[in-house]
Amino acid sequence: MTQERKGPRAESAGAAGTERAEKGLTRAGALKKGVGGILAAGAVGSLATPAFAGSAGSARRTADATKISMWGNHPEWKPVLDRLIAAFEKTHPGIDVELSYKPGPQYTAALNTALAGGAAPDVIGWIEGDAIRVGAKAKQIIPLDGKIPIAKLIPAARAQVAFNNHVYGSPLAAYTVGIFYQRPIFKEYGLKPPTNWTQLLAATKKLAAEGVTPWSMPAKDMIIPYFFYIMAASSILGQNGYRGLRRGTRKVTEPQVVRAAQLMIDLQEYYNDGFQAVSYAEGKALFAQGRTAMLIGGSADYTGYKQVNPKVDVGVFGFPAPNGRSHVTVTGMELLYTVNSKSEHKPEATTLVNWLSSKGAQQVVANELARPIAVGVVPSRSNRVGREMVLAGAPDIPVWYSQPETGGTFGAVTSAGGIFTGDLTAMEFAQKVQASIKPNKKA
Amino acid sequence: MTSDARASVPRGRRVAKAIRRPRPHIWFLLPAVALYVAFFIVPTLASYWLALYDWSGLGPLGDFIGIDNFRRVFEDGEFRSAALHNVWIFIALFVMTNTLSLFLAILLDRKSWLRGPYRAIIFLPYVLSPVVTGFIFEVLLSPNIGVLNPGLEAVGLGSLQHTWLADPSTALAAITVALAWQWNALATVIFMAGLQNVPPEMKEAAVTDGATTLNVFRHVTLPYLAPAFTVVNVLLAIFAFRAFDLVYVIGGAIGAPNGATLVMGTVIYGNAFGKGSYVDTTQMSYAMAQGIVLFVFLGLVSAVLLVYLSRRERRVY
């Protein structure tokens, strides 16, 4: 159940491609390949392999150690996670962790493919929300009751990994999403973080007038537009309003909440060129290089900015409410790590999951990666951005997709790219989002 | 045994003898057949059965829902739109293949020491992985790091600059160009192989009889290319309707912008394994139903093309 198993498959796929190219020259051979191709179209799995074949594992190897595999979804965390894993391996010499990465937008598809093919890693990381519950129900992971210090985790983390009277694992970290801004650019043009929508629009227009692209809005995968929308809507709804949305007493189709979608449309001319064809990763790189001034981003993204541009100098503010009464951030959990029920090394995998929630590991998380999930761990004073992020949100609202009632909003927004092509009005967009919400009076 | 002698032996005995005749080659084939059945035929057939259930792909099977998934395929606007994109790609590549690729093949058929290197260059895109081809075109056309727009600017054609992949009216066309670049390689090589089969004496005879170059091409070369046309166009149908990896790399899982670059392969993959977002619910059974519909459709298209073009071949010969 390690990454090495993927190697030969990737190689054989490449060899098959070359062979196909060589043999495609005769009619009989070509037609035989064609018939094979038709048959292959019936098998959904045949579509899967090329996109995710092959990934780099850890370079460390210990001769007699037990090898366990684990995936991450932030390739930009590699330098820090390598150090974290090295620290684990130092204190647990019998365990060799092979950590590989599937970038965020492809992570779920890659994990689902691996689970379907019986090739999931020993330590399975789940995206917050329903996935871990589905995995537990399908007995793809094992309960870790008594093996994880659940009482030492923050409540939001506990809520994700403890359910049905069992504890299944631990998140590595939490993340908070706010608006990152380029401090040198704001300073150069005499701007301060906006405190209401009027100021937000004014700052945007001022930057554009000075020849600066105000916003990175990578919309190829609709991830950033999703966060933009839920933060803008949350800034209108507030904490009580969001609770009302989950309970069914509020709706995103209310005229004042529709303004959130309208804001996305109104700002469209200030997004980066060709933003609809720009991926999340590329949008982040544009911002980190200082080619845009603002970007919706999470605490976990900062490490990535530094990787693209070691001299990056950014600040964070919460999404201002239209009237300036509050600044909203949204918070969720990074991957929820659990132990694969098919793993041949369950004790070792359990040891690693347990260790990830320890104070030592969480201090590294707090100082260098994201928000810690262990109670009592705070970012060091040198982590200015991490501290700013914590202070940016008042209120801090759960990421909408992490809650069962609003879990469907992500799919609704990702399929509503028409808001940027003129195919959907703000109200039609809001109606699509509202249709995906399943209110629960007990929420 | 002569035919008379064979007729004198009763039919039953002939059959029995044929069955008893040792066929050692069958035993050599058996491992390959067993593997093929176990790893291809059985899973494919299993997907037909699983498509009758409501199953996410994770955990135990859901309810048996009969043909509901298949009914849903035909009511699914997204799948229909994606299928139309495949049709568009097929038509565009069909026109290009039977004109440009053929023209290139004719150019490369001329005897020249450059023929070998040119053939290698023309065939190179087919050897590249579609994923790599997708990345190449993304780098060419990207609004931020693309080289096409700066190139246009540099040669004084700045007015033609465009956000090719971000505009719904040009994104699919851009992807089709990428597919065409890759497909043209194989099509040209097959046509070139076909051209080698044209007997030179037939051309010489036609020229001696006073035929013009165009007439020689139309009445001698084209008929001899009939088998090549059959192969190229049947394979093209499969290529166009199964397009996935290259399209996925450029357009992403949701067919950016706003579904303008969705094809059937992307939709099926998205339903089976997730649409590339953080939070995905998969619909494996539904994806299987879509895969089966694609399979049947592609089988029909290929069969129709094969029958029509083969008949044409027979008429020609």
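What follows walks through the two chains of a predicted model, starting with chain A and ending with helix packing in chain B.

Chain A mixes both kinds of secondary structure, with 19 helices and 14 strands. It runs to 443 residues, and 53% of them count as buried. Contacts in this chain reach well along the sequence: taking those with a separation of 6 or more, 77% are between residues 24 or more positions apart.

A good place to look at chain A up close is strand S7, residues 174-182. Nine of its nine residues are buried, so the strand is mostly covered by the burial criterion of 20 or more other C-beta atoms within 10 Å. S7(A) has several pairing partners, and they can be taken in turn. With strand S12 (residues 327-333) of chain A, S7(A) runs antiparallel, and four bridges join the two. One contribution here comes from A:Ala174, whose bridge partner in S12(A) is A:Met333. Strand S9 (residues 292-298) of chain A also pairs with S7(A) in the antiparallel sense, this time over five bridges. In that pairing, A:Val177 of S7(A) sits opposite A:Gly298. Then there is strand S10 (residues 314-317) of chain A, again antiparallel to S7(A), with four bridges between them. Here A:Tyr181 faces A:Gly315 across the pairing. As a general point, side chains in a regular strand alternate between the two faces of the sheet.

Away from that strand, A:Asp122 is another spot in chain A to pick out. This residue belongs to the loop that links helix H5 (104-116) to strand S3 (123-126) of chain A. Is A:Asp122 buried or exposed? A:Asp122 counts as buried, because it has 25 C-beta neighbours inside 10 Å, and the cut-off for that label is 20 or more. A:Asp122 also illustrates how the fold brings distant parts of the sequence together: A:His345 is 223 residues away along the chain, yet the C-alpha to C-alpha distance between the two is 7.1 Å.

Chain B is built from helices, with 16 of them and zero strands. Its 317 residues have a radius of gyration of 25 Å, whereas a compact globule of that length would come out near 20 Å. Along the principal axes, the C-alpha trace of chain B spans about 80 × 70 × 35 Å. Some 41% of the residues in chain B count as buried. Of the contacts in chain B between residues at least 6 apart in sequence, 67% join residues at least 24 apart.

Two helix pairs give a feel for how chain B is put together. Helices H10 (residues 200-208) and H11 (residues 213-224) of chain B pack at an angle of about 145°, their axes lying 10 Å apart. The crossing of H10(B) and H11(B) is right-handed. On the H10(B) side, the contact involves B:Met202, B:Lys203, B:Ala206 and B:Val207, which meet B:Val216, B:His219 and B:Val220 of H11(B). Sorted by class, this contact has five nonpolar residues, one polar and one charged.

The second pair is helix H5 (residues 77-108) and helix H15 (residues 264-273) of chain B, which pack at an angle of about 145° with axes 8 Å apart. H5(B) brings B:Glu78, B:Phe79, B:Ala82, B:Ala83 and B:Asn86 to the contact, and H15(B) supplies B:Met264, B:Thr266 and B:Val267. By class, the contact of H5(B) with H15(B) comes to five nonpolar, two polar and one charged residues.

Technical notes. Residues numbered from 1 in each chain as written. Chains lettered and ligands numbered in written order. Buried ≥ 20, exposed ≤ 12 C-beta atoms within 10 Å, placed from the backbone. Contact = placed C-beta atoms within 7 Å. Rg over C-alpha atoms; globule rule 2.2 N^0.38 Å. Pairing = 2+ DSSP bridges. Axes fitted to C-alpha atoms, helices over the stretch in contact; angles between N-to-C directions. Left-handed = near helix turned anticlockwise from the far one by under 90°. Nonpolar A, V, L, I, M, F, W, Y, C, P; charged D, E, K, R; others polar.
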